[in-house]
Amino acid sequence: MKQGTIVALASGAGRAGVAVIRVSGPGAGAALTALTGRSLPPPRVATLAALSEPSTSEELDQALALWFPAPASFTGEDVAELHVHGGPAVVEGVIAACLGVGARPAEPGEFTRRAFENGKLDLAEAEGLADLVEAETEGQRRQALRQAKGALSAVYEGWRAQLIEAAALIEAEIDFPDEDLPGALAQRAAPILQALTADMARHLADHRGERVREGYRIAIIGPPNAGKSSLLNALAKREAAIVSDIPGTTRDVVEVRLVLDGFPVWIADTAGLREAADAIEAEGVRRALARAEGADVRIGVVEAGTEAPASLLAALQPNDLLVHSKADLADPLPFSAFQGEASGSANSHLPLSGGEREGVVELTVSAITGKGMAALEAQLAQRVADALGREEAPTLTRARHRRLVEEARAALVRALSRLADAPELAAEDVRVAASAIGRLTGRIDVEDLLDEIFLSFCIGK
Ligand SMILES: Nc1nc2c(ncn2[C@@H]2O[C@H](COP(=O)(O)OP(=O)(O)OP(=O)(O)O)[C@@H](O)[C@H]2O)c(=O)[nH]1
Ligand SMILES: [Mg+2]
């Protein structure tokens with residue numbers, strides 16, 4: 001960890017009513033007294049102060065000064081916070097004055113890094129804080145705040161405690177094998193490891209956290225000229241993709257970001273599905289199908305009155321949408337009994353042309369007149385809310401978490417498979433798992449783990 005006293009603008013750059021400048025480190029108090037020309041204000045009380053450049057005594061601003069003595073501060077160090085008028089020259093002048101009395105410019109993330117090093121927050125909490133700063137939607141804010149307050153860390157710390165308990169049982173067996181009851185202690189570890197493996201598998205299967213952070217993914221697919229790009233533009237309420245009556249207009253994936261039900265959503269328009277005329281279009285079709293496959297929901301588009309081609313039906317999954325487009329031009333034949341268009345509601349019970357596809361919801365829409373668009377948006381918002389809106393156990397939110405939980409789970413599967421025959425190897429597997437989970441919060445390394453194992457082992461025996 002780099003030492004010293006650091007200073008930085010904590011609020012956004014540019015003109016603002018107020019800007020917040022933060023100083024952290026052993027020299028924070030000296031910087032504050034040098035700039036205000038008087039003794040430190042009482043801790044955690046906003047105090048009006050005139051700030052001057054110590055070397056020239058030139059007044060820089062009237063500011064609010066706050067003093068947070070260590071360890072009761074964000075970083076755990078002495079921290080001074082200056083709320084100055086948010087003009088660039090004021091900010092520059094005050095930061096220059098701090099540099100003049102021995103502070104140095106903070107590196108990106110250095111305040112949070114110090115908070116981590118001083119045990120103020122763990123890695124998962126720091127990531128939650130970073131997400132909170134980045135949060136653009138309500139759903140992202142809720143999730144980031146939960147993680148910053150330690151909800152995800154609590155799950156991982158709970159797992160680690162159980163892993164240590166299981167490891168202690170196995171280690172005890174190795175060190176003091178019971179002649180009468182061979183393997184008895186190690187076998188007591190088995191149900192713990194089994195339950196943890198199941199917990200981790202559930203955790204890995206849940207993609208909500210990543211979707212809330214990165215965006216729910218919707219793909220629009222269908223034959224050329226079906227009106228896919230027009231539909232994207234109608235949903236985005238801007239001309240994001242080129243529309244023309246030439247089939248094969250869209251060749252690449254065109255993505256638009258929306259907010260539905262408080263969650264971020266990526267809607268992708270794709271190339272029309274057909275036998276491609278050239279290599280570029282073939283690549284476009286390949287990307288269209290790949291995007292559809294990876295999406296959380298697909299919107300199949302066919303012109304009203306035409307049959308959905310087999311290539312489209314094959315790409316649709318249960319709970320997807322099939323939109324009959326250009327409803328202003330034609331009725332959605334062959335669905336003569338279809339009433340959804342008039343009422344604006346969806347119908348999931350009609351047979352699809354060209355073969356059945358269970359559970360696909362059909363809608364009739366005109367991108368030109370806007371007819372049916374509200375119903376389509378409602379269907380999409382409902383899917384987003386169903387997928388992301390439930391408040392259950394905290395979910396992993398980053399690839400880093402996924403990688404480490406996968407590593408831990410794989411190690412536990414190995415441990416279980418050789419617990420009976422090779423408890424030494426199983427113990428090592430459990431240590432690998434505990435270390436992977438420990439790296440999620442960053443609070444622990446293997447040395448600490450061995451200490452803990454040893455401590456609980458001593459108590460047990
Ligand atoms: N009347 C009417 N025309 C529409 C509607 N939606 C799209 N069109 C027209 O249909 C043609 C094709 O529309 P696009 O949105 O480019 O179709 P696409 O599916 O993206 O086509 P490709 O990119 O070639 O696969 C254009 O001439 C649009 O103006 C609609 O709701 N009503
Ligand atoms: Mg298009």
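In this predicted model, Asn-225 is partly exposed, because its relative accessible area is 26% and thus falls between the 20% and 50% limits that separate buried from exposed residues. Asn-225 lies in the loop between β7 (216–221) and α9. The backbone there has a positive phi of about 70°, although Asn-225 is not a glycine. A second residue of this kind is Ser-57, where phi is positive at about 65° and the residue is likewise not a glycine. Ser-57 belongs to the loop between β3 (47–53) and β4. With a relative accessible area of 57%, Ser-57 is exposed, because the value is over the 50% cut-off. Most residues other than glycine have a negative phi, and most peptide bonds are trans. An exception to the latter is found at the peptide bond from Ala-70 to Pro-71, which is cis, with omega near 0°. Pro-71 is located in the loop between β4 (58–68) and β5 (79–86).

The magnesium ion (ligand 2) has Ser-229 and Thr-250 as its protein donors. The donor atoms are OG of Ser-229 and OG1 of Thr-250, and they lie 2.0 Å from the ion. The two residues join distant parts of the chain, being 21 residues apart. Ser-229 is in helix α9 (residues 228–236), whereas Thr-250 is in the loop between α9 and β8 (254–260). Both Ser-229 and Thr-250 are buried.

Ligand 1 is surrounded by 22 residues, of which Lys-228, Ser-229, Ser-230, Gly-248 and Asp-328 come nearest. Ser-229 is thus listed both among these nearest residues and as a donor of the magnesium ion. Polar contacts of ligand 1 include one with Lys-228, in which an N or O atom of the side chain is 2.7 Å from an oxygen atom of the ligand. Lys-326 also contributes a polar side-chain atom, at 2.9 Å from an oxygen atom of ligand 1. At Ile-368 the contact involves the backbone, with an N or O atom 3.4 Å from an oxygen atom of ligand 1. On its own, ligand 1 has 650 Å² of accessible area, and the protein covers 88% of this. The space that ligand 1 takes up is the second largest pocket.

Two alanine residues in helices were also examined. Ala-115 is part of helix α3 (residues 110–117). Its relative accessibility is 0%, so Ala-115 counts as buried, the limit being under 20%. The C-alpha atom of Ala-115 is separated by 5.9 Å from that of Gly-76, and these two residues are 39 residues apart along the chain. Ala-205 is part of helix α7 (residues 184–205). Ala-205 counts as exposed because its relative accessibility is 58%. The C-alpha atoms of Ala-205 and Arg-402 are separated by 9.8 Å, while the residues are 197 apart along the chain.

Terms used:
Residues are numbered from 1 along each chain as its sequence is written. Chains are lettered from A and ligands numbered from 1 in the order in which they are written. This is a predicted model: local features need pLDDT of at least 70, side-chain atom pairs count only at pLDDT 80 or more; totals for chains, interfaces and linings use all residues. Side-chain values use heavy atoms; hydrogens and water are left out. Donors are N, O and S atoms within 2.8 Å of the metal (3.2 Å for Na, K and Ca); water is not among the atoms, so sites may look incomplete. Helices (H or I, at least four residues) and strands (E, at least two) are DSSP runs, numbered from the N terminus. Buried means under 20% relative accessible area, exposed over 50%, partly exposed in between (1.4 Å probe, protein chains only). A residue is near a molecule or strand if one of its heavy atoms lies within 4 Å of it. A polar contact is a pair of N or O atoms within 3.5 Å; within protein, one must be able to donate a hydrogen and the other to accept it, and residues adjacent in sequence count only if both atoms are side-chain atoms. Accessible areas come from the Shrake-Rupley method with a 1.4 Å probe; for residues, only the protein chains shown count as cover. On a 1 Å grid over the protein atoms alone, a cavity is a set of points where a 1.4 Å probe fits but cannot get out, and a pocket is an open set with protein on both sides within 12 Å along at least five of seven lines; lining residues have an atom within 4 Å of a point. A molecule sits in a cavity or pocket if more than half of its atoms lie within 2 Å of its grid points.
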